Every structure is written in C-alpha cells, then in structure tokens.
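Me: Hello! I am new to this structure; could you walk me through a few places in it?

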Amino acid sequence: MKRILVTRFSAMGDVAMVASVLREFQKQHTDTEIIMVSRPFFSAFFDGIPRLIFHPIDPKGKHKGLPGLIKLFKELKKYKAKQVADLHNNIRSRFLDILFRTAGYQVQILDKGRPEKKALTRTKDKVFKPLKLTTERYADVFRKLGYNLHLSHQLAKQHRLIPSGMMPILASNAKKVGISPFAQHPYKVLPTEKMTEVIQSLSDLGVQVVLFGGGAKEKEITEIWEKQFPNVHSVVGKYNLSQELDIIAHLDLMVSMDSSGMHMASLMGIPCVSVWGATHPYAGFLGYGQSLEDCVQVGHPNRPNSVYGNKSCLCDGVEAIDLISSGMVVERIKKHLF
C-alpha cells in the first residue's frame, strides 16, 4: 500500500476542492493511502473518503514557527510515507518540503499559475481567457508523482442523514435552496438590499430557503431575514461543519458568492448558482463540477482585477458586484427549480 502525504492548510474553499480531487483519486487508485494534513476544522470535508487519515495542523499552537513545523515533520514521518503532494505552496508547506526532500521523500509542489493569473487580472494588456481549473492543478501534482488521474468534473450526489431539527424542512416536498450570502472580501458580496430581494422572491414562491454563514455578525443578519420572511431558516451557529454538509446534501440548489459555499455544494454533488463581482471563474476557482452557465456576472473589460477579490473593482465608476441585479440571480435560480 502506497502512502502519500498531502498538505493544504487553508483556505476553506481550497481545502474543499482538495477533498473533491482526493475522492476521485482514491476511487482510481485502490492501492494508496492518503495522509491529509490540514486545519482541524476542515476534517469534515474528508469524511467518507476511503483509506484517508486526517492529520491536524495547529499553526497557532504546537506547530507554530520553525520549531513547530519541525515537530509536525517528525509527527508525519511516523506514517512512513514515501511521497508528498504539496497542494498549498506557501511558506509553511515549502519548509516542510525541504525537510521531506532531505529525508529522501519524493515531493511535488502545486503550480499556482501566477504569471497567467497576473495577466488575467492586470488592467493593461489583459489576457482574458479561461485558465486551468484549480482542481486540475491539484491533479497535476499527483500526475507528477507518477499517478494517472482523470477528473470527471461531474457532480456526484452524496447520501447523508438529515440533522436533528431539519427534518420538517428538508423532508418536505417544497423546493429547497441554500444561500451562502457572505465572503471574506466585500467586493465579492452581493449588497444586502439585493440579497434581501432574492430571499423575498424565493420565499414568495414557496421555496424553503436555508441560510449559511459564520460569526456573530452573519448570524445577526441571517436571523433578521429569518424573521422577516416565511419559509426562511438560518442555520448559522446551530450546526457544525459536518452537519452543514448534511443539510446541503438535501438541497435542490445552492446559491453562493465566489466563496466556500460553492465548493461545499460541489462536495455534496449539489448544483450551485454562483455570483461573481471582482473575481471571475476564468481564474480557475469555479466549484468542482459546476457549470459556467450558472455563474451570474456582468462582462466588463476591468474584470477580473484580482484572483481573490481583495481589491475594489470599478467598472465605469461602479463596483463590479453592484452591476448584478437581484433579478439576474432569481432568474438563474428559477431555471433550475421550475
């Protein structure tokens, strides 16, 4: 049995995409074991993947700094793997790569495609074309390690149990739509008033709407929507990550910004209508198995101006995300539901 150490510490959506790739990899290679190294919170993404052991990294605790990484290296050596797939390519993972190479391991590192992404996002002489999907970049690391790997890029619906308290909603005959209305950066978030209109439209149609998010502020916002409209339910702060995946697995559709909600839907095999402002699916971060047709966006020569959406993206003096109307989102949703 071959053992491969796989490292990807963050961010949430990127780690979820790794899980989609590893699920396919383990189906195609029944003689391999994976040691997945990531933050403890993300372990739920890897539940059910055969022959996979999750090893948590604690970058703010026992694995902090160079001494902590050396300690992590010693922990990982005990698995007696011979290969390392670095799917992160950051300072921490590259330091580990040096240690493993010195110890005689075969190491391959993710090519993030920085030159192509820079060309896609620059203002002058922009090269506007679709780049390699991030999931294919992950797969390339395994190919360089000597494994054949074909990604289907198809959604595979997962069968999960309904969490306690959600049975009346998820077992009903009504259409069920999850909405993940938040993102790390404001330039990727549909304005609150427009998202309110989307939620109201779905509520009026009799759709059961489940709202996702994290943190006190997002909990407050989603609970306002829950009180404001019938058929709307906030699960923020009520369920852990594994249970949220259980809920998503029973939806008819997910609606998300360019954020982790889209990738969680992919992991559960659920189609997702995604909303794109400063970023663009051409950068390679479209959810695994998701359709470009389900990306709600407005074409403008300034888009995209960043890979991660951390910069203001003005299009004729207006933020790119503000060019999207609630009606555009609702119409795309209706094409899936009715």
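**A buried proline, a buried asparagine and a helix pair**

Reply: Gladly! Pro281 has a relative accessible area of 5%, so Pro281 counts as buried (under 20% relative accessible area with a 1.4 Å probe, protein chains only; over 50% is exposed and in between is partly exposed). This is a predicted model, where local features need pLDDT of at least 70, side-chain atom pairs count only at pLDDT 80 or more, and totals for chains, interfaces and linings use all residues. Residues are numbered from 1 along each chain as its sequence is written, and side-chain values use heavy atoms, leaving out hydrogens and water.

Me: How far apart in space are Pro281 and Cys295, C-alpha to C-alpha?

Reply: Pro281 touches Cys295 (contact means heavy atoms within 4.5 Å). In sequence the two are 14 residues apart. From C-alpha to C-alpha, the distance between Pro281 and Cys295 is 7.8 Å.

Me: Which residue's backbone oxygen does the side chain of Asn89 reach at 2.9 Å?

Reply: Asn89 is buried, with a relative accessible area of 11%. Leaving aside neighbours within four places in sequence, the contacts of Asn89 include Arg94, Ile109 and Leu110. At 2.9 Å, the backbone oxygen reached by the Asn89 side chain is that of Leu110.

Me: Are H1 and H5 parallel or oblique to each other?

Reply: The axes (lines fitted to C-alpha atoms over the stretch in contact, with angles from 0 to 180 degrees between N-to-C directions) of H1 and H5 come within 10 Å and cross at roughly 50°. Angles under 35 degrees count as roughly parallel, over 145 as roughly antiparallel, 65 to 115 as roughly perpendicular and the rest as oblique. H1 and H5 are therefore oblique.

Terms used. A polar contact is a pair of N or O atoms within 3.5 Å; within protein, one must be able to donate a hydrogen and the other to accept it, and residues adjacent in sequence count only if both atoms are side-chain atoms. Helices (H or I, at least four residues) and strands (E, at least two) are DSSP runs, numbered from the N terminus.
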